[in-house]
Amino acid sequence: MSTENPIWSLISTFGLMSLFAVGGAAAAVPEMHRIAVDVHHWMTDKQFTDAYAIAQLSPGPNVLIVTLIGYAVAGVPGALAATLAMCLPTALLAYCVSRLLNRPSQSRWPGLIQAALVPLSIGLMAASALILAQSTDRSIAALLLTAMVALIASISRVNPLWLLLAGGLLGFAGIV
Amino acid sequence: MSTDSAPAMHEPDQAPAIPAARVPSPGLLALSLAFARMSLAGFGGVLVFARRAIVEQHCWMTADEFNETFALCHFLPGPNIVNLSMVFGSRLRGIAGGVAAFTGLLLPPTLIMTVLAIIYARFGDVEMLRRSLAGISCAAVGLLIAVVFRMMTPLLKRMEIVVLILMLGVFLAIGVLRLPLQAVLLVAIPLSIGITYVMRRKVAA
C-alpha cells in the first residue's frame with residue numbers, strides 16, 4: 001500500500017468523476033479505466049473488463065461497476081465508499097437544481113444544453129466500447145461474438161440478459 | 001335529510017375531473033421499497049422499470065411530470081437513474097423522501113455487487129469462471145455497440161457534419177488518445193453548446 005489512504009483516494013476520484021459523467025455510467029467507463037488501470041494500477045485490464053461484465057450481468061444501475069473497483073482497492077469499506085462517492089454528489093446536485101428550477105422545460109437553455117451533450121455522450125460511449133473491446137476481443141471467435149450481439153441487439157428487442165447469458169455459455173464451453 | 005352523506009365526501013370534489021392522475025404521497029418505507037423493486041428488476045438499465053412503476057403502477061406522477069423530471073436528471077451529470085431517485089423522492093416526500101428513494105435504489109444492488117466482488121476475488125482465477133466471464137464481456141461490449149448505434153441513428157439521419165465531427169473528436173480523444181475526461185469535456189462542452197446555439201438560430205431564421 002502506498003502512503004495515501006486508499007479510501008480517500010477512491011472518494012476523491014469518484015466524487016470528482018461523477019460530476020463529469022455526462023451521459024451516465026457508460027460514458028464514464030473510459031475515465032474509470034484510465035484511472036483504475038493506467039493511473040493508479042488498482043486493477044489489471046482483464047479485471048476491469050470482468051468488472052464491467054459482472055456489472056452488466058447484475059441488477060441495479062450500471063454505475064455499480066464502481067462498487068467492484070472499490071472492493072478491489074480496499075475491500076468492503078472501499079466498495080461502499082466508491083459507490084457513495086459516485087452517486088451522492090450528483091444526486092444532491094440534482095436535488096438542489098430541481099428545487100431551483102421547478103419547471104425545467106419552461107426555459108430553452110436546459111433543452112439546448114441537453115441537445116449539445118448528446119453527441120458528446122455518444123462519443124464517450126463509443127470510446128467505452130473501443131477500450132473494452134481491445135481487452136476482450138483477443139480472438140476471431142470473440143470478435144465474432146461481439147459483432148453478432150451488436151447486430152442482434154441493434155435490429156431486435158431481445159432482452160439483453162439473454163445475450164449476456166448466451167455469451168457466458170459460449171465462453172464456458174470454450175468456444176470464445 | 002342530508003346527514004348521511006355530508007362529512008367525508010367533501011374534499012375529493014375534483015377527483016373525477018382528473019382520473020388516474022395522482023394518489024396521495026407514499027410513505028417513506030413504501031417509496032424505498034418501490035425503488036428497491038425497480039432497481040432489482042432492472043437488469044441492463046433501470047429507467048424502463050422506474051417509469052412503469054412510478055407512472056403506471058403507483059400513479060405517483062403523470063407521464064408529463066415524469067418526462068419533465070427525467071429531462072432534468074438527464075441534463076445533469078452523473079448516473080441518471082440515481083439522480084432521478086433523489087429528485088423523484090424529494091418531489092413526493094421532501095428531502096427524507098429523496099434519501100429513502102436513493103437508499104432503496106442503491107442499497108440492495110450494492111450489497112449484491114459486494115458479494116459478487118468477494119466471490120470474484122476468491123474464485124476469479126478458476127478457469128471455468130474466467131472463460132464464462134470472457135464470453136459475457138464480449139456480449140456486453142456488443143450490447144454497448146448496439147446502444148451507440150441506436151443513439152447515433154438520428155444524428156446520422158440529420159447529417160449535421162459539425163456535430164458528427166464533434167462526436168468523432170470526443171471518441172478519438174478519449175478512446176484512442178486516452179486523454180483525461182475533464183480536460184476533453186472542458187473543451188468539448190462549450191464548443192458543442194456554441195455549435196448547437198448557432199445551428200438553432202440558423203434553423204429559426
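I looked up α3(A) to begin with, helices here being DSSP runs of H or I with at least four residues, numbered from the N terminus; α3(A) has 13 residues and reaches 19 Å from its first C-alpha to its last, close to the 18 Å expected at 1.5 Å a residue, where the expected span is 1.5 Å times one less than the number of residues.

I noted that this is a predicted model, in which local features need pLDDT of at least 70 and side-chain atom pairs count only at pLDDT 80 or more, while totals for chains, interfaces and linings use all residues. Residues are numbered from 1 along each chain as its sequence is written, chains are lettered from A in the order in which they are written, and side-chain values use heavy atoms, with hydrogens and water left out.

I then checked burial (under 20% relative accessible area, 1.4 Å probe, protein chains only), and found F48(A), T49(A), D50(A), A51(A), Y52(A), A53(A), I54(A), A55(A) and Q56(A) buried in α3(A). These buried residues pack against α2, α4, α5 and α7 of chain A, together with α4 (80-123) and α5 (127-158) of chain B.

I went on to the interface, where contact (heavy atoms within 4.5 Å) takes 102 residues from chain A and 83 residues from chain B. The buried area, which is the accessible area (1.4 Å probe) lost on putting the two parts together and summed over both, is about 8,300 Å² between chain A and chain B, with carbon and sulfur atoms giving 76%. I recorded that α5(A) gives the largest share of the side of chain A that touches chain B, 26 residues.

Definitions and conventions: Helices (H or I, at least four residues) and strands (E, at least two) are DSSP runs, numbered from the N terminus. Buried means under 20% relative accessible area, exposed over 50%, partly exposed in between (1.4 Å probe, protein chains only).
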